[in-house]
Amino acid sequence: SIEDILMSLKSLIEAPIGHLGKEAVDVAPFVIAEAGVNHEGSMETAQRLIAEAAEGGADAIKFQTYRADTLAAKESPAYWDTSKEPTASQHALFRKYDKFWKDEFEQLRRCCDKEGIEFLSTPFDIVSAEFLNDLMDVFKISSSDITNKPFIEYLTQFGKPIVLSTGASDIEEIDRALSWIDPGQVPTALLHCVLNYPTADQDANLAMIVGLKKRYPGRVIGYSDHTVPGDMRVLETAWLLGATILEKHFTHDKSLPGNDHYHAMDKEDLTRFKQNVTRVSRLFGAKEKHALDCETPARKHARRSLVAAKAIARGTVITVEMLTWKRPAHGISPADIDHVIGREAGRDINEDEILTPGHLRTALK
């Protein structure tokens, strides 16, 4: 499973950078339900999100840990769809949802353990990183912090694998962020992401997943999705293109106003996606081409045999003009025609009779 990838991230901390990753689609995706702050400060809602994410089949649920005062200046303009979330200031919005702190996240970790789902939360400051270190095996770095050198370098000192979102960045910025991480030999996964809420389908640019895999062949590549869930084919396509970690915002009620509800998936969406993945996974099968057991009847009956195009008398030297090829494959294969031409018929052969080795005076070589 893709969980093995995260386990490999944990176990390969001492391994040289560039020795991580598995070939795309060999494994099921590791799905992170990004609850963020969709709990809106309610512990009951947060625990409900955990339970529904686990029930829907997510491998992990991720929250966000911050204080508005350390995250955004008071005059910080919105960058989201203000027709869906009318709050004009980032600071004002974050103040609504920064009530959870150390005690609350410890409680959420215990709830995740009970539900059998991995707990994650993105830290946005040093204090939250410190206490989250005791609760998580992997650190997630937000796209918004990809240029935050002091914070990235601080997170690497924990020695834990990092999942880095690359929204709104270019290759040079990704390379630069990795240059801050790699000296610590910290395994790093990269998530393609479009930092726009919601992301229009035509802006998803899923081909960038392929580009990241090509440029960073030794790393795990994933996708953080901000499109409207719809039929969940965007996430499925991302996986088929090679994204083995998939993250999408998660809510218990997509009709709720504000913040991240309007472009989030819910339990039903998540269940649908997991069902799609299960079905597609069954289609993959083996890599090495070989005839399957289910094809045995076709091999026997749909392939051809050499057939007498006319009556052939015993002792006649067989020529190509005397032969044709027809179904079924119960006789000599047309692949062996060179071993038939020039031999004598061992007995009379009727027109339209399927040739077998017994029809020839000497055995087939």
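Asn205 sits in the loop that runs between β6 and α9. In this predicted model, the backbone of Asn205 does something a little out of the ordinary: its phi is positive, at about 50°, even though the residue is not a glycine. As for the surroundings, Asn205 has a relative accessibility of 40%, so it counts as partly exposed, given that this class covers the range between the under 20% of buried residues and the over 50% of exposed ones.

The loop between β6 (188-193) and α9 (207-215) also holds Pro198. Here the point of interest is the peptide bond that leads into the proline: from Tyr197 to Pro198 the bond is cis, and its omega is near -10°. So much for that loop; the other side of β6 comes next.

Gln185 belongs to the loop between α8 (171-181) and β6. Gln185, which is a residue other than glycine, has a positive phi as well, with a value near 55°. How buried or exposed is Gln185? Its relative accessibility comes to 32%, and Gln185 therefore counts as partly exposed.

One more cis bond turns up further along the chain. It joins Arg327 to Pro328, and its omega is near 0°. Pro328 is placed in the segment that follows β10, a strand made up of residues 323-326.

Put together, the backbone picture has two themes. Cis peptide bonds lead into Pro198 and into Pro328, while positive phi values are found at Gln185 and at Asn205.

How values were computed: Residues are numbered from 1 along each chain as its sequence is written. This is a predicted model: local features need pLDDT of at least 70, side-chain atom pairs count only at pLDDT 80 or more; totals for chains, interfaces and linings use all residues. Side-chain values use heavy atoms; hydrogens and water are left out. Helices (H or I, at least four residues) and strands (E, at least two) are DSSP runs, numbered from the N terminus. Buried means under 20% relative accessible area, exposed over 50%, partly exposed in between (1.4 Å probe, protein chains only).
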